[in-house]
Amino acid sequence: MAQRIALGLLTLFVISLLIAFGVELLPGDLAQEILGQGATPEGLRVLRLQLGLDTPPHIRYLDWLGGMVTGDMGLSLANKRPIAELIGPRLSNTLFLGGFAAMIAIPIALTLGILAALYRNSLYDRGVNIFTLTSISFPEFFIAYILILFFAIKLGWFPGISNISSELSFLDKLYRTLLPAASLTLVVVAHMMRMTRASIINLLSSPYIEMAHLKGIKPLRIITRHALPNALAPIINVIAINLAYLVVGVVIVEVVFVYPGLGQLLVDSVSKRDVPVVQACSMIFASVYIFLNLSADVISIVTNPRLLYPR
Amino acid sequence: MKKTQINNKPLILDRKVSRRNFLRGSAALGIAGSTAGLLTMTGNAFAAGGKRGGRLRAGIAHGSTTDSLDPATYENNFTIQLNYGIQNHLGEVDAATGAMVPELAESWEATNGAQTWIFNLRQGVEFHNGKTMDADDVIASFQHHMGESASPARSLLDQVSSMRKDGNNRVIFELSGGNADFNFVASDYHIAIKPSKDGKIDPTDGIGTGGYVLKEFEPGVRFLAERHANFFKSDRAWFDEIEMISIIDPAARQNALATGEVDTIDRIDLKTAHLLARQSGVNLEEVTGTKHYTFPMRTDTAPFDDNNVRLALKYALKRDELVEKVLYGHGTVGNDHPIAPSNQYHASTLPQREYDPDKARFYAEKAGGVKVQLSAADAAFPGAVDAAVLYQEHATAAGIEIEVVREPNDGYWSNVWMNKPWGACYWGGRPTEDWMFTTAYQGGASWNDTFWKNDRFDELLLLGRAETNRDTRRAIYYEMQQIVSDDGGAVVPMFANYVFATTDKVGHSAMAGNWDMDGAKYFERWWFV
Amino acid sequence: MQKTLKNLSSAPLSAKFGMVVIFIYLVVAIFAPLIAPYGEREILGKAYELMSSEHLLGTDNLGRDMLSRLIYGARNTIGLALIITALAFLIGSLTGMTAAALGGWIDQLLSRIVDIFMSIPALIFALLILSILGTAMPYLIGTIVIVDSTRVFRVVRASAMNVAVMDYVEVARLRGEKLPWILRKEILPNITAPLLAEFGLRFCFVFLFISALSFLGLGIQPPTADWGSMVRDNATLISYNDITPLIPAGAIALLTVAVNFVVDWMLHKSSGLKDVS
């Protein structure tokens, strides 16, 4: 376990290096992006000086790393605001939306998947399949537009944008984020549901299942008690991937619903070349991902103890 | 967009614009177009004053997490509108007449061949922190943009050789050369007047003399302010609170308006503007300004150093088709110079250049055939790639080969614009002819994106700047427009309108055209009916 | 050959439907220039002409024939998605199975490399790469292949791990079989089901990823027609009850459903289950 965590930290370090120098490689820099079309050589020179862009990139990286280790994320290059202050509310918004969507999506996906495996090839199976497949065939922004069209514009049940702020109560927040959460649910359910179904069906031909069958155990019980635990490893992996997606991949839903999350901040900072902010966001995303993976691996091992003793 | 500057729509055409507003507005009121509707609209559009109260919520297409309150960094509509909400300037563009009128100044006067400018300040104007504005504040606010400053206003203020106060309410500027338009320059949107302490302003404190006091600013997300109780204008700033939300996605913006989440939005998706206008409770607004799109050719680079090539390309474009398909009719054709029909000295008698394949072919043959690359990205202007594709089609019919090179949006201004021999570009326009020409057409100017140099043009520029006689000035600027049109490196296919929308609860007078959204001053000028 | 035919004819209705749809799409994609009434980039008339006998689906914002663009879009979109998915699977499943079969430091190394790629959000990764290199087709393909192969790797590795600890794999190893043999004969056949399921979904994810990139301005570049961008370009119309964006979106959806029907059938066969259970 300790080794795993150490590896996770190493991964973070490598990512920070990659991102720092990746952004450095991008054509143009913060000064050029801020001044845009209005850049003159003189203006660029002064602005670079003001922004501290005259320090070589590796020195800036080391400074940043030093700060990060001591828990100081530093200041945004562009407007000199502390990055922690910039990211804090965005991160909690992102986790809120991701958590909300996961609470809806995971139970639905598992239930639908198990039932589809149980009643495979039935009308129900077909129906669920077609529905989930269709839902993931539409681009995210398009699903979002359709939900807005029906539930916000036509029916007027929900607001058309989800610009939440700290003054809202928890219930208000839930209400205002229901549509984006629903869009995300539609996006991730199919993947998890289909993997659940496939993994279970894959095991159904195993001798021990056949044995259980012959013993006269009810199909639902066979699936939940015998097949599911052994099918968990790939299912958990897919859930981990999708959970990570709910945190790091929601830029587009954020844009469409005007939701102030971390994804938009990151895209904006990349296009403006605000390296410290890009770094901080990437670190957060990477940590979330590594943490989820670690958990997925641990749970997989718990469910299939043979994995604990690799040769 | 990346760059925007003050553009003024002065004088002559204002009547026309307001009438156009009115007609559009009444059309927007509904298919029925009932008399009652028209009457309401009339009351709305021309009411002399407003009503207090309410929170105006605006959904704006700009806003970035890198935005800051520092006036030297204002570059997009979000910060510019925020600026006009909380701060004031020496002068402002009058919405009704389009003229430059004093705001924090009470009056101004140019003497000594427009080389000395005297600004008399309004007295008893109070900042949000309770301080009374005086000459020191004005000088400190100007100094923020001078010397070692990255402010875009810095190059404008290079002409100021000295600045001094004469008593507490008068500031005198000495210029290095005569400039009859210096009152426009001194009212540039960057130069917000802020309270000073020991000769310096705190650029990011968000304090100004404006109609609203800053309450909350989250860069790239939202801005909230409440009414300034001691605001010096009694007939402005009608709302109790103003809120601006950054909504980048055009569909999201229109949804927000349709569901009543906001009261007004800018940058309507032109493709669906006619559908939006049909919705009940929504008024579509349209104002013609100085915003124009160009295809600048580098005249210092082959083959564009040959004027035959430039003329061949200028004749090989159907401008009206670009206006119809790229602007969806929300604009007017250009005549290969940057002076808008709404500008004071626009050369209205200069013949419009039309699509003429024969002439294009003639000049192309004279140049020994034309085969060129056109670099475009939608970062240059919305629909730039489509425009380039259309251009390619038109030119093919004249035997001219254009290869459209699609460039990435990201980094367009640093890597393509002024680097590739031929590209696409966006200009917010400038309030005066002199400002526009000096910025982008004078030989050696830093934003001369065509690298064009014409001695006669440069000579006329200096003459026109110091000239105070209107008729002489008109003749000078007329000739300059002709020179640019016939010899210059920019193809100027069209001027784009500002298209925005409000709910029918919003009242306003005639709209200014110097910026998007009623000269970016809607927080001050509009009200709830 | 006969066996294949027999197999096909025994397929359930849904799979047959899927195959027919895929076949039609392929024909359309391959013979696009012959089928399309007009050229892909030809500007024919006014913008937004309504549906007529001349333009069956009307014209787009520049006055190009919508139907022709849809047909050419099939070629560009399917071709691209197929190439990307196939490459991603080749790389992802090979490395994934190898990692699972060998274990030890190779597994560690590969897993960590994949971790690094995966913990950078896909869109941001693509944004960085495409901004640095430009949006030319090879870069677009390369970037999405890298992104997707890491996802494939994870699923394959997880599935293969379960197989790799089985006794029969151990036996094969003790028998002295080489790695390629073990991968091909022991591991691959036992993980075909999740692999196939993943392939069906990956295929649509590639579509979606391309359209997401287009949303951020980095996808397939006009004037090349592709369905994802066509949805994007016309998306605002949906708020006004105009169904134009539903046509390319529906084209994507139909293909996805068809591909997955076929995949389901193969999944069912390979799982060794008989028709009833």
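Here are three short exercises, with worked solutions, on the predicted model shown above.

**Exercise 1. Describe chain A: how many helices and strands are there, and what does its C-alpha trace span along its principal axes?**

Solution. Start with the elements: chain A holds 13 helices and zero strands. Reading from the N terminus, you therefore meet α-α-α-α-α-α-α-α-α-α-α-α-α, as a helix run is written α. Next, the extent: the C-alpha trace spans about 85 × 60 × 35 Å along the principal axes. Finally, look at burial: 53% of the 311 residues of chain A count as buried.

**Exercise 2. Work out why chain B counts as being as compact as a globular protein of its length.**

Solution. Begin with what chain B contains, namely 17 helices and 21 strands. Now compare two values: the radius of gyration of chain B is 23 Å, and the globule rule gives 24 Å for 529 residues. These are close, so chain B is as compact as a globular protein of that length. To round off the picture, its C-alpha atoms fill a box of roughly 70 × 60 × 40 Å along the principal axes, and 60% of its 529 residues count as buried.

**Exercise 3. Find which elements of chain A give two or more residues to the side that touches chain C, and sort that side by class.**

Solution. First, the contact itself: 55 residues of chain A are in contact with 50 residues of chain C. Then the elements: those giving two or more residues are α1 (2-25), α6 (123-137), α7 (140-154), α8 (170-203), α10 (219-248), α11 (251-257), α12 (262-272) and α13 (275-303) of chain A. Last, the classes: this side of chain A has 35 nonpolar, 14 polar and six charged residues.

Key. Residues numbered from 1 in each chain as written. Chains lettered and ligands numbered in written order. Predicted model: local features only at pLDDT ≥ 70, side-chain atom pairs only at ≥ 80, totals over all residues. Contact = placed C-beta atoms within 7 Å. Helix = DSSP H or I, 4+ residues; strand = E, 2+ residues; numbered from the N terminus. Nonpolar A, V, L, I, M, F, W, Y, C, P; charged D, E, K, R; others polar. Buried ≥ 20, exposed ≤ 12 C-beta atoms within 10 Å, placed from the backbone. Rg over C-alpha atoms; globule rule 2.2 N^0.38 Å.
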